[in-house]
Amino acid sequence: MFVDECVIDTKEYYGEFWDKAMKGKNGNYEKMKVGKASNGMFVLPYDSNRRYLAALTEESFFRKMATCVNVSKAQNVIWGLDSDDVAECVAEGGSIRVDDMAEDFTKFKSEAHKIAGIVRLPNDYVTDRAFELDKYLPKRLAKCFSRAEENVFLNGDGADKPVGILHDTEGAEPGVTTAEIAFDDVINLYMSVKPEYRKNGVWVMNDETALALRKLKDADGNYIWNHNTNTILGKPVYILEHMPGTTSGNKPIAFGDFSYYWIINRRPLAVRTLAEKFALNDQTGYLAVEYLDGRLIRREAIKTLQIS
């Protein structure tokens with residue numbers, strides 16, 4: 001269960017995890033079993049998991065902007081929901097509407113999708129007592145997983161992976177379709193998002209698209225991109241390498257409120273060493289696995305520009 005595994009904060013577990021298990025040695029089973037996941041993997045100790053999540057948030061656009069939810073259910077499928085919450089003036093002694101709102105929510109399935117990554121370190125570092133493996137490895141893993149997460153949260157098709165922002169039927173709704181990006185297309189995309197979602201809206205694109213937009217001007221020679229603040233129409237621009245380019249059929253720009261994308265953390269990061277796999281290279285490998293899901297719970301909150 002997610003909550004239980006994230007609070008393994010005993011000194012005994014921390015010591016066995018970093019001084020033995022992460023250095024390819026056999027840790028004390030009684031001290032380690034509380035964090036045993038599967039296939040010889042062990043979840044990060046509490047302090048290390050916090051260090052990992054802090055580094056992951058620093059690296060990741062989605063971990064900053066999306067809504068992250070920790071789920072403590074052991075079942076493989078849970079139900080998430082979204083609804084329109086309502087507040088209104090009511091006369092003293094008057095009735096409050098509840099019946100017509102009781103079923104006002106959208107349900108969606110949440111799976112436990114697996115993301116795995118491997119990082120390697122020279123054994124000179126792993127065995128060096130002065131090298132702070134417990135501080136270095138969580139940050140290194142965060143860089144590895146942030147890129148993998150960004151890809152699936154954008155482009156995931158829902159088959160053994162989360163449903164990404166750019167999914168045709170369950171991702172962001174199209175706001176503009178154009179053969180070539182023009183000044184008015186960007187304005188139209190901005191205005192296609194409702195004011196309630198524009199309030200906290202941000203732009204997302206890759207470097208290629210950003211370069212094109214930096215050069216985009218109106219008829220009077222005014223740039224649409226504010227080069228002093230790196231904003232478009234007052235809203236921040238984020239460059240994501242896994243956003244597609246401007247070729248036909250792609251969706252190179254997304255704009256809206258990304259807090260309506262939910263990241264559902266199903267299990268914390270678990271790690272095991274791969275000492276023998278890389279022994280000939282005098283290296284130690286670290287296989288890490290996390291289970292999560294992701295879904296845009298309100299499609300209208302983000303709109304895309306699609307190239308026809």
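**Cysteines, rings and spaces in a predicted model**

Cysteine 144 is partly exposed, with a relative accessible area of 28%. I start there, and I should say at once that this is a predicted model. Cysteine 68 is also partly exposed, at 38% relative accessible area. How many disulfides does the structure hold? The count is 0.

Next, helix 7, which covers residues 133–155 and contains leucine 141. Is leucine 141 buried or exposed? Its relative accessible area is 0%, and because the cut-off for buried is under 20%, leucine 141 counts as buried. Leucine 287 lies 146 residues away from leucine 141 in sequence, yet the two C-alpha atoms are 9.5 Å apart in space.

For asparagine 222, the setting is a loop, the one between helix 10 (207–214) and strand 8 (225–226). Asparagine 222 has a relative accessible area of 43%, so the residue is classed as partly exposed. Phenylalanine 183 is 39 residues from asparagine 222 along the chain, with 10.0 Å between their C-alpha atoms.

Now the aromatic rings. Searching the whole structure gives 16 aromatic pairs. One of them joins tyrosine 190 and tryptophan 203, with 6.4 Å from centre to centre and 20° between the planes. Why is that pair called stacked? The angle of 20° decides it, because planes under 30 degrees apart count as stacked. The centre distance of 6.4 Å also falls within the 6.5 Å allowed for a pair. The two partners come from distant parts of the chain, 13 residues apart: tyrosine 190 belongs to helix 8 (residues 183–192) and tryptophan 203 to strand 7 (residues 202–205). Both tyrosine 190 and tryptophan 203 are buried.

There is also a cluster linked by ring pairs. Its members are Phe61, Phe62, Phe153, Tyr238, Phe258 and Tyr261.

One charge over a ring is worth listing here. Arginine 267 sits over the face of tyrosine 291, 4.3 Å from the ring centre.

Arginine 267 comes up again with the enclosed space. How many cavities of 30 Å³ or more are there? The count is 1. The largest cavity holds about 90 Å³ of space. Its lining has 13 residues, and those nearest the centre are Leu53, Asn265, Arg267, Pro268 and Glu290. Which elements each supply at least two residues of that lining? They are helix 4 (46–59), strand 12 and strand 13 (283–296). Sorted by class, the lining of the largest cavity has 8 nonpolar, 2 polar and 3 charged residues.

Last, an open space, the second largest pocket. Its volume is about 310 Å³. The lining is made of 16 residues, with Ala21, Lys25, Asn26, Gly40 and Phe42 the closest to the centre. Helix 3 (29–32) and strand 12 (261–274) each contribute at least two lining residues. Which element gives the most to this lining? That is strand 12, with 3 residues. The lining of the second largest pocket splits into 7 nonpolar, 6 polar and 3 charged residues.

To put the two spaces together: strand 12 supplies at least two residues to the lining of the largest cavity, and strand 12 gives the most to the lining of the second largest pocket. Arg267, which is among the residues nearest the centre of the cavity, lies over the face of tyrosine 291.

Note on methods: Residues numbered from 1 in each chain as written. Predicted model: local features only at pLDDT ≥ 70, side-chain atom pairs only at ≥ 80, totals over all residues. Heavy atoms only, no water. 1 Å grid on protein atoms, 1.4 Å probe; cavity = no way out; pocket = protein on both sides within 12 Å on 5 of 7 lines; lining within 4 Å. Points joined across faces, edges and corners; volume = space filled by probe spheres on them. Helix = DSSP H or I, 4+ residues; strand = E, 2+ residues; numbered from the N terminus. Nonpolar A, V, L, I, M, F, W, Y, C, P; charged D, E, K, R; others polar. Disulfide = S-S within 2.5 Å. Buried < 20%, exposed > 50% of the residue type's maximum accessible area, 1.4 Å probe, protein only. Phe/Tyr/Trp six-rings, centres within 6.5 Å; stacked < 30°, edge-to-face > 60°. Lys NZ or Arg CZ within 6 Å of the ring centre and 35° of its normal.
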